Amino acid sequence: MRILAKLVFIAALVAAVPAAFAQGGGNSKIDVEKPWARATPAGAMSGAAYMTLANKTATEDRLTGASSNVAAKVQVHEMKVVNGVMQMREVAGGLVIPANGSVTLKPGSYHVMLMGLKKPLVAGQSLALTLTFAKAGNISITVPIEALGGGSGNGGMGGMGGMGGMQHDQPGGMGKMEMK
Amino acid sequence: MMQARRWIIITMAGVAGFAVAALAIVFAVGAGKAGHIGVASIGGPFTLVDDTGKPVSDKTLAGKPYAIYFGYTYCPEVCPTTLFDLTQWIKKLGPDADKLNYVFVTVDPERDTPKLMHAYLSSFDKHIRGFTGTPAQIAKIAGEYRVYYKKVPTSDGSYVMDHSSMIYLMDADERFDTVITYQEKDASAVSKLKALASQAPTS
């Protein structure tokens, strides 16, 4: 009995480790790893979120849609630069996550496009995103927002420090101190 | 193994495509430098408004070399990344930064009002100005700069834009110098901008 209890405890520990790194819960068929979104310039109406989607099952799944309270519409897009021309397309029929495989959404490739932003995405904050899969259903995640230069080939190396003072246009704060 | 082979083919196709584009640019440079006015010349006269609503033309940029980039504010990735990179490069130019003009021209004039562009550009280096205009005015300048752009509808009734992703560097006489491609390495981009700034007429 003692041994069984110990085994259960160890099993629980082992199960908890991946859960700490991936969102989507222990029972989910899809792990959402390292989600992040790029901070948006002032007034921008669109933003993008990135992540790795790992399929833990032996059957293919598809990311068919997404929603967020910060955007009017969320779509899965693919970006490509072909002969110097940037092309962006909605992924038709959903983004395939192969059985026991994974797909990384990253700059210059697939991304979750947030359209009709209700407010700018500010570095250091986060946004709520619900991903819809054909088989795994809905998975709600929290997406940290990184600085504007985050993740790009150049500026991304600098990480959060890149933008310096430029991100600090906190709405509200200073405005309220206005003199009469 | 198959996967690797496929990637090699894709890469080769990409390299070939890039070579064609590079050749076209080399041809354009040659034609531009030689002073020919032909199909390959890049740049030309335009009339637009800036992000403060003031009328601008090619004369506004005359006298200083300039970096000109075509994009749109609804662009989630390439445009903010490019403008962010440009912001970093301008910083690295130091005092030379003032020797150049920097312009972001929208290819989405229907949505990019001067006001929206002004707000958007407040997130980047203050040297960068935004130009917009009527769809006809934008079509004219894009044609002159050999910029490709196309409206692509999305399923929700909105649209995104395909567009050329490079920054054109033009000399003080509005002749094409070279391009900075999307996500070009910092050192290369900065040295191109420095070289351009060194051509600025000293007043």
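Select strands β4 (residues 101–106) and β5 (residues 128–132) of chain B. They run parallel and are joined by four bridges. Strands here are DSSP runs of E with at least two residues, helices are runs of H or I with at least four, and both are numbered from the N terminus. Two strands pair if DSSP finds at least two bridges between them. Now pick out Val105(B): opposite stands Phe131(B) in β5(B).

This is a predicted model, in which local features need pLDDT of at least 70, side-chain atom pairs count only at pLDDT 80 or more, and totals for chains, interfaces and linings use all residues. Residues are numbered from 1 along each chain as its sequence is written, while chains are lettered from A and ligands numbered from 1 in the order in which they are written.

**The sheet of chain B**

Widen the selection to the whole sheet. It is open, has seven strands with mixed pairing, and follows the order β2-β1-β5-β4-β3-β8-β9 in chain B. Go to the edges: β2 (55–57) and β9 (176–180) of chain B each have a single partner strand, so one side of each lacks a neighbour in the sheet. From one strand to the next, the twist averages 35 degrees.

**Helices on the sheet**

Select helix α4 (residues 114–121) of chain B. α4(B) packs on the sheet and touches β1 (47–50), β4 and β5 of chain B. Contact means that the C-beta atoms of two residues, placed from the backbone, lie within 7 Å. The direction of α4(B) makes about 160 degrees with that of β5(B). Axes are lines fitted to C-alpha atoms, for helices over the stretch in contact, and angles run from 0 to 180 degrees between N-to-C directions.

Next, helix α6 (residues 186–198) of chain B. α6(B) also packs on the sheet, touching β3 (66–71), β8 (167–170) and β9 of chain B. Its direction makes about 160 degrees with that of β9(B).

Keep α6(B) and add helix α3 (residues 78–93) of chain B. Their axes come within 10 Å and cross at roughly 55 degrees. That makes α3(B) oblique to α6(B); angles under 35 degrees count as roughly parallel, over 145 as roughly antiparallel, 65 to 115 as roughly perpendicular and the rest as oblique. The crossing is right-handed, meaning that the near helix is turned clockwise from the far one by less than a right angle. Show side chains: Gln88(B), Trp89(B), Lys92(B) and Leu93(B) of α3(B) meet residues of α6(B) including Asp186(B), Leu193(B) and Lys194(B). The contact has six nonpolar, one polar and three charged residues. Ala, Val, Leu, Ile, Met, Phe, Trp, Tyr, Cys and Pro count as nonpolar, Asp, Glu, Lys and Arg as charged, and the others, Gly among them, as polar.

**Across to chain A**

Show both chains. 32 residues of chain A are in contact with 34 residues of chain B. On the chain A side, β3 (46–55), β5 (71–82), β6 (85–90) and β9 (110–117) each supply at least two residues. That side divides into 16 nonpolar, 14 polar and two charged residues. Zoom to β6(A): it pairs with strand β7 (residues 159–164) of chain B in the antiparallel sense over two bridges. Met86(A) stands opposite His163(B) there.

**Inside chain A**

Select strands β10 (residues 126–133) and β11 of chain A. They pair in the antiparallel sense over eight bridges. They form a hairpin with three residues between them. Thr130(A) stands opposite Ser140(A) in β11(A). Then add strand β2 (residues 30–38) of chain A, which pairs with β11 (residues 137–146) in the parallel sense over two bridges. Arg38(A) stands opposite Glu146(A).

**Confidence**

Colour by pLDDT, the predictor's confidence in each residue, from 0 to 100. Chain B has a mean of 85, with 80% of its residues at 70 or more. Chain A averages 78, and 68% of its residues score at least 70. Select residues 152–180 of chain A: pLDDT stays under 50 there. The predictor gives the complex an ipTM of 0.73 and a pTM of 0.74.
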